[in-house]
Number of protein chains: 2
Amino acid sequence: MGRKRTKSGKIRLAEVAELAGVSPITASRFFRNPEALSVAKRTRVESAAKELGYVPNLAARALASHRTEVIGVLIPSLTNNVFSDVLRGIYDASEGGRYSIQLSNTRYSILQEEKLLRLFLAQKPAGLIVTGIDQTAESRAMLQAADCPIVQIMEIGPDPVDMMIGFSHYDAARAAVAHLFEQGHRKIGFVGARMDPRVQRRLDGYVSAMKDAALFDQRLVVTTATPTSVTLGGALFTDLLAREPDIDAVFCANDDLALGVLFECRRREIAVPGQIAIVGFNDLEFMASAVPTLTSVRTNRYEMGKTAATMLIEAIEGRRPEQPVLDLGFKVIERQSSSARRSDGRPTVSGAGAANKMIALPSSHD
Amino acid sequence: MGRKRTKSGKIRLAEVAELAGVSPITASRFFRNPEALSVAKRTRVESAAKELGYVPNLAARALASHRTEVIGVLIPSLTNNVFSDVLRGIYDASEGGRYSIQLSNTRYSILQEEKLLRLFLAQKPAGLIVTGIDQTAESRAMLQAADCPIVQIMEIGPDPVDMMIGFSHYDAARAAVAHLFEQGHRKIGFVGARMDPRVQRRLDGYVSAMKDAALFDQRLVVTTATPTSVTLGGALFTDLLAREPDIDAVFCANDDLALGVLFECRRREIAVPGQIAIVGFNDLEFMASAVPTLTSVRTNRYEMGKTAATMLIEAIEGRRPEQPVLDLGFKVIERQSSSARRSDGRPTVSGAGAANKMIALPSSHD
DNA sequence: AGGAACGTTGACAGCGCTACCAGCAACGAC
DNA sequence: GTCGTTGCTGGTAGCGCTGTCAACGTTCCT
C-alpha cells in the first residue's frame, strides 16, 4: 500500500525468522526460551540474528506479552551516599541481564512514594524494589496486590510484603552504644538529622540502650528534620554542648554528622577521644582516614543492593529464594575516636595503622 | 472469540473515548496535543479519563508511534558525589513530565559507553544525556546519526554533537593555581586520582599555569588510575612529600583527595595553611566545615543536571535553545586552607566565620 | 500394533495505540 | 455562488511481537 510510515528501517523478528528458515514464532521462542528449540534451529536463528544485527523491539514485546522487563526502584534520596552504594549494587546485579532499572526518588515522602508506586504499577513492572517498611496503608495494599515480586530494602521488620533485605537499625544503634559503654563512656549524646524512619529506629535503639543502663536523659538527644550534612553535625553538636557541656561521647546517626562533630571538636580544641568520643553510622570510606580515625557501624549497602536485585530477578524468573527475609547484619568498627576514656585526654589506641577491631553481629529479628 | 488472554483488566483509550462520546483517535489526541481539540471535547475526554482512572499504555504508544518517552543518561559513576548531584538535577527537571529517565553506568570506560549507546539508540530514546566529550569515533558517529536531541554534560569543548553544558576544567584548574600564586605559594604539587578525561584536563590546566610561571616540575605531580578516595588522598600526598618535602601547597583534583591530604597533614603535624596550603575541586559540602576550612573550586553540578534535562526536553518538544552550548563556569571559593603564606606557619585568615571570598569566572571557550 | 506422551513447530489473532489521510463544517475571498 | 482555507474529527490499517492452540513427528509403553 501507499503507506509511507517511518517503518523504522529496523530488522524485525520476521526477517530473522525468514533468513533462518523458521517461522517467526520459533524465532521469538529463541529469545525467550532457547531450550525449547532443537539445536539445529537454535543455531540457525542465532546466526541469522547475529548476521542481521537484530535488536528486539521492547515495546512490541511488552504490548504483546502484557509485561515489561522493567525493575522499578524507589529510594528516598539520590544525594545520600548510602543510597548511591545501594544503587550501585542494584545496577551491578542487573547489568547485562534483560531487565532495566527504572529509578524514582521519593524524597523521604511516603505520599510521594505512594504516587510513584501507582505510576510504576500501572506499567506492570517485572519487579519492584522499595525502601524501608513504612509505606502508607494504600501503598501497602497496592504492593500486596501487585502481581510481581517485591523486595523491601534497607531494614528488616515484621510483615514483609514479599521479600526483604536489610538489618536492624535498632540493634545496630544498641551495639554502638554498648561499645561506648565498654570503653567507659557514660554520658553519651545522640545527634540525628532528617529523622527518617531508619534514623528514628537508631534513636530508639540508643534510647533503649541508655535506659537499660539507667543513663538516659532526654537532654542528651539533639535531632532535626533538616537533611543531614557535615556542617549540620557541627551545629547540632554545638547545641548539645550548650545543653550538656560535660558529655563523654556522641553517637551520630550517620557519618557526615560524625565528621562535623569531629571538626567542631577540633575547632573548640576538644580532644577526641580524650574528652569526647565519637561514633558514626554507615562506615563511609573517610571514617578510616580521619584524624583520629572514626568509629562507625558498618552496613553492607552495596551488597544489600546487589543481593536485592539478584533475589528479585531470581523471583521474577520463578526461582523464589528459600529465605525471603535476609538480615545482612552490621559491624561496629572500633577506631580511635571511641577508645577508652582516660583522664589525660589521650586515646589508648594510637597511630593510623592500629587495627580496626570489629564486632560483628547479625541483627536479631523481632 | 473464546480468547482467554489476561486482557490486563485495564481501562483502554477506547473506553475513555466511548464514555466521552468521541472516537478513539480524538481521545488519543487529547493526551498528545490537547490544543487540537475543541474545548467541548477536550473537557469531555478529560473528565472521562479521570472518571475511569485511565493510564496510557506506554508500550502500545511506543509501538505505534515509533518513539519512546525515555531519556537515556550515560554517566561514568554512580558512587562519585559529583554525579549524584548532576543526577539529582536531571531527575528533578524530568519529574512530573512525560519523560522517564533511563540511567546507565559506563564505569569510566568509553568502550562500555559505546556498547550502552548502541543499546539505548536501538530503543529510540526521546533524548540522550552523555557525559563528557571523549566518546569513541564509533560512539560519535552513532550520536551524530541519532535522530534525537543530545546533551553532552560536565564539560565544554569544541565540536558539540548537539547541545553541551558544562565548564572548562582546564580554566578552572588554572584559576585554582592562580589563586595559590596570589597567596604567595610557589612550589605547588598536584594530586590526582582516576585520571578520567576531566581530571586530565585539570592536570593540563595546572601544568600550563605552572609553566607560565616557570614553576613547573614533573616531580610535583602525583597521579594514579585508582578510583579516588579520602584515604588515597593521604597516600598520594605521602608520595608527594617523600619526593618533594618542601612543597608550599597542594592542588587536589577533587575534594575527597583534599580531605585526605588535610588528614595526612594533621597526622604529620604539618600546619595548614601555615606550612602547606590545600585547594580542592568541586566544593563538596564538607569543605566549608573542615578545620581549617578548605578552599575549593565550586562547580554547579545540580544546576548542570537540571539545565541539561530541561534543555533536552525543550529540544525534544521542538523548542531548540538559542544557545546550544552553555558554559556554567566555576568559582574559586577561597577559604582558610589556602590563605597567604607566612613565616610563622599560621594562616592569615582565621575563625570559622571568615567570609568565603569568591572568584567567579565563566570558563573561556577554546 | 495401537496409542499415549512428549518435544517441537507453526497459524492465527490480537495487544493498545497512533500515522495517515479523508471528510466535513464554517468561513472568507473572489 | 463557487472555491479555497482552516479547524476539527473519524476510519482504516497497521506498529512488532507473543499467547493460545493445533498439528506434526518421534519415542516409549502396554
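Which side chain of chain A has a polar atom 2.8 Å from a base nitrogen of DNA strand C? Select Arg29(A) to find that atom. A pair like this is a polar contact, that is, two N or O atoms within 3.5 Å; within protein, one must be able to donate a hydrogen and the other to accept it, and residues adjacent in sequence count only if both atoms are side-chain atoms.

Before going on, a word about what is on screen. This is a predicted model, in which local features need pLDDT of at least 70 and side-chain atom pairs count only at pLDDT 80 or more, while totals for chains, interfaces and linings use all residues. Residues are numbered from 1 along each chain as its sequence is written, chains are lettered from A and ligands numbered from 1 in the order in which they are written, and side-chain values use heavy atoms, with hydrogens and water left out.

**Stop one: DNA strand C**

Select the residues near DNA strand C, meaning those with a heavy atom within 4 Å of it. You should have 32 residues, and the closest are Thr26(A), Leu13(B), Ser28(B), Arg32(B) and Tyr54(B). Now turn to the DNA side: of the strand C atoms within 4 Å of the protein, 70% belong to sugar or phosphate and the rest to bases.

Next, pick Leu13(B), where a backbone N or O atom lies 2.4 Å from a phosphate oxygen of DNA strand C. Then move to Arg67(B), whose side chain places a polar atom 3.1 Å from a phosphate oxygen of that strand. Colour the helices α2 (24-32) and α4 (58-65) in chain A and in chain B: these are the elements giving two or more residues to the surface near strand C. The largest share, five residues, comes from α4(B). Helices here are DSSP runs (H or I, at least four residues), numbered from the N terminus.

**Stop two: DNA strand D**

Now select the surroundings of DNA strand D: 31 residues, the closest being Leu13(A), Ser28(A), Arg32(A), Tyr54(A) and Thr26(B). Sugar and phosphate make up 71% of the strand D atoms that come within 4 Å of the protein.

Three residues of chain A are worth a click here. Leu13(A) has a backbone N or O atom 2.4 Å from a phosphate oxygen of strand D. For Ser28(A), a polar side-chain atom lies 2.3 Å from a phosphate oxygen of strand D, and for Arg61(A), a side-chain N or O atom is 3.0 Å from one. To finish, show α4(A), which gives the most to the surface near strand D, with four residues.
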